[in-house]
Amino acid sequence: MSRIGKKPVAIPAGVTVQVAGDKLSVKGKVGELSLTVHPKITIRVDAGQVLVERPDDTRESRALHGLTRALVNNMVVGVDKPWEKKLEIQGVGYQAALSGKTLTLQVGFANAIKLDVPTGVSCVLADPTHITVSGADRQAVGQFAANIRRVRPPEPYKGKGVRYSNERVRRKSGKAMS
């Protein structure tokens with residue numbers, strides 16, 4: 001049995017959840033998200049909680065049950081309090097700048113790398129070496145943070161590059177002289 005799928009999703013105050021056929025829409029103070037639910041899965045809203053149900057115990061139904069419940073929970077939590085990813089830039093001369101909806105990274109290449117911030121995602125720079133990506137859609141926030149990190153992942157010898165703030169980079173010793 002799916003332990004995740006059976007848990008009801010509590011709806012916090014200020015969040016509205018509507019189900020119309022196979023469409024689920026969630027509105028909150030941060031934004032609005034929608035999801036097209038798989039035809040095998042049914043969603044009910046009652047008594048301030050969302051219930052996700054499946055028709056049978058086939059492998060596909062069990063997988064979709066837990067997945068759908070997790071997606072609904074991420075939507076409900078995201079429209080109430082935005083998801084957030086923090087990144088750090090380490091390296092001499094490495095820095096970021098934000099102009100409008102374009103994030104510019106200078107991370108040791110000849111040219112500056114420009115990334116467009118997607119809609120529904122906001123990017124804030126506390127200083128030139130700390131980036132905070134936030135938004136209601138957990139997948140979009142995580143994907144944009146991964147795109148930023150992919151520009152220059154941390155290297156193991158000096159630790160230079162873009163990393164998540166809680167990421168530990170395993171360091172290697174340099175060339176051994178004998």
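Which residues does Thr104 touch, not counting residues up to four places away in sequence? In this predicted model, the partners of Thr104 are Gln95, Ala96, Ala97, Ala112, Ile113 and Lys114. Thr104 itself lies in strand β9, which spans residues 102–106. With a relative accessible area of 13%, Thr104 falls under the 20% cut-off and is therefore classed as buried.

The chain that surrounds this position contains three helices and 13 strands. Its radius of gyration is 21 Å, whereas the globule rule gives 16 Å for 178 residues; the computed value is well over that figure, so the chain is more spread out than a compact globule. Along the principal axes, the C-alpha atoms fill a box of roughly 65 × 45 × 25 Å. Among contacts in the chain with a separation of 6 or more, 51% are accounted for by residues 24 or more positions apart.

Burial and surface composition were also computed for the chain. Of its 178 residues, 34% count as buried, and Thr104 is one of the buried residues. The area exposed by the chain is about 11,000 Å², of which carbon and sulfur atoms supply 52%. As regards charge, the chain carries 29 positive and 15 negative charges, and the mean positions of these two sets are 9 Å apart.

Definitions and conventions: Residues numbered from 1 in each chain as written. Predicted model: local features only at pLDDT ≥ 70, side-chain atom pairs only at ≥ 80, totals over all residues. Heavy atoms only, no water. Helix = DSSP H or I, 4+ residues; strand = E, 2+ residues; numbered from the N terminus. Rg over C-alpha atoms; globule rule 2.2 N^0.38 Å. Buried < 20%, exposed > 50% of the residue type's maximum accessible area, 1.4 Å probe, protein only. Contact = heavy atoms within 4.5 Å. Areas by Shrake-Rupley, 256 points an atom, 1.4 Å probe, with all protein chains shown as cover. Lys, Arg positive; Asp, Glu negative; His and termini not counted. Charge placed at Lys NZ, Arg CZ, Asp CG, Glu CD.
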